[in-house]
Structure formats: C-alpha cells, structure tokens
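Let us ask how the labels for a structure are earned. Each answer sets a value against its rule.

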Amino acid sequence: DDGFVGYCGLTIGRASAEEPEIAYELPRRAWGQGLATEAAMAIVEAARATGRRRLWATIGDWNGRSLRVAEKIGFHRHHLTREDRGEVIWMTRALAPP
C-alpha cells in the first residue's frame, strides 16, 4: 500500500559473476520489519539454486543495520578495505550445492 519497499538482488559490483555480491536497500519507513532479512534469504536460496558456491557482501562500517542483516543470513567478516567514504567490510557466505 505504501509503494516502493526497496530492492534486493545479486550484482557483480566489487565481486564476480561466479561469486556475486548481494545488495539490499530499503527506505527508512520499512526498517525494523524483517523485510531486508526475508528478501536477502530468498536471494541466497536463489543463488544456491543456480549452483553458485559463494556470495559476497560489501558494507560500510558505519552501516550497522546492514551488517546485522548480513550476519543474520549467515555472512561472516572476511577483510576490510579503505575507500573514499571510509572502511568497507567484506563479508562472505559459502553456499552448499543444491
């Protein structure tokens, strides 16, 4: 009823087609309802169904909400990089074969 709720999907972004990056973004009015977690889990399962073995997520260290979503769906911290806007946390998640 409220229109746009956000997006969630896979992108090459900083990763590759074989090991893509998950991306999600919701407007503030949709925060705290579990929508990002639900959508991200659906994307993880879809990626697994395509035979992918690993996914990445890159999240600014200032974005605690996105970090919590990634951790809830099984991502863990891999390494940090520094960019113009600050530190980026690289997270990864292995996918078992379908």
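Q: Where is the place of T37?
A: T37 sits in helix α1. Helices (H or I, at least four residues) and strands (E, at least two) are DSSP runs, numbered from the N terminus. This is a predicted model: local features need pLDDT of at least 70, side-chain atom pairs count only at pLDDT 80 or more, and totals for chains, interfaces and linings use all residues. Residues are numbered from 1 along each chain as its sequence is written, and side-chain values use heavy atoms, with hydrogens and water left out.

Q: Why is T37 called buried?
A: Its relative accessible area is 18%. Buried means under 20% relative accessible area, exposed over 50%, partly exposed in between (1.4 Å probe, protein chains only). So T37 counts as buried.

Q: What is T37 in contact with, leaving aside its neighbours within four places in sequence?
A: T37 is in contact with V69, K72 and I73. Contact means heavy atoms within 4.5 Å.

Q: Why is T58 called buried?
A: T58 lies in strand β3, residues 54–60. Its relative accessible area is 13%, so T58 falls under the 20% limit.

Q: What makes the link between T58 and E21 a polar contact?
A: Their side chains are joined at 2.2 Å. A polar contact is a pair of N or O atoms within 3.5 Å; within protein, one must be able to donate a hydrogen and the other to accept it, and residues adjacent in sequence count only if both atoms are side-chain atoms. So 2.2 Å fits the distance limit. The side chains of T58 and R14 also make a polar contact, at 2.4 Å.

Q: How many aromatic pairs are there by the rule?
A: The count is one aromatic pair. W56 and W90 form this pair.

Q: Why is the pair of W56 and W90 called edge-to-face?
A: Rings of Phe, Tyr and Trp (its six-membered ring) pair if their centres lie within 6.5 Å; planes under 30 degrees apart count as stacked, over 60 as edge-to-face and the rest as tilted. Here the centres are 5.8 Å apart and the planes make 80°. So W56 and W90 pair, and the pair is edge-to-face.

Q: What does the pair tie together?
A: W56 lies in strand β3 and W90 in strand β5, so the pair ties together parts that are 34 residues apart in sequence.

Q: How do you know that W56 and W90 are buried?
A: W56 has a relative accessible area of 9%. For W90 the value is 13%. Both are buried, because each value is under 20%.
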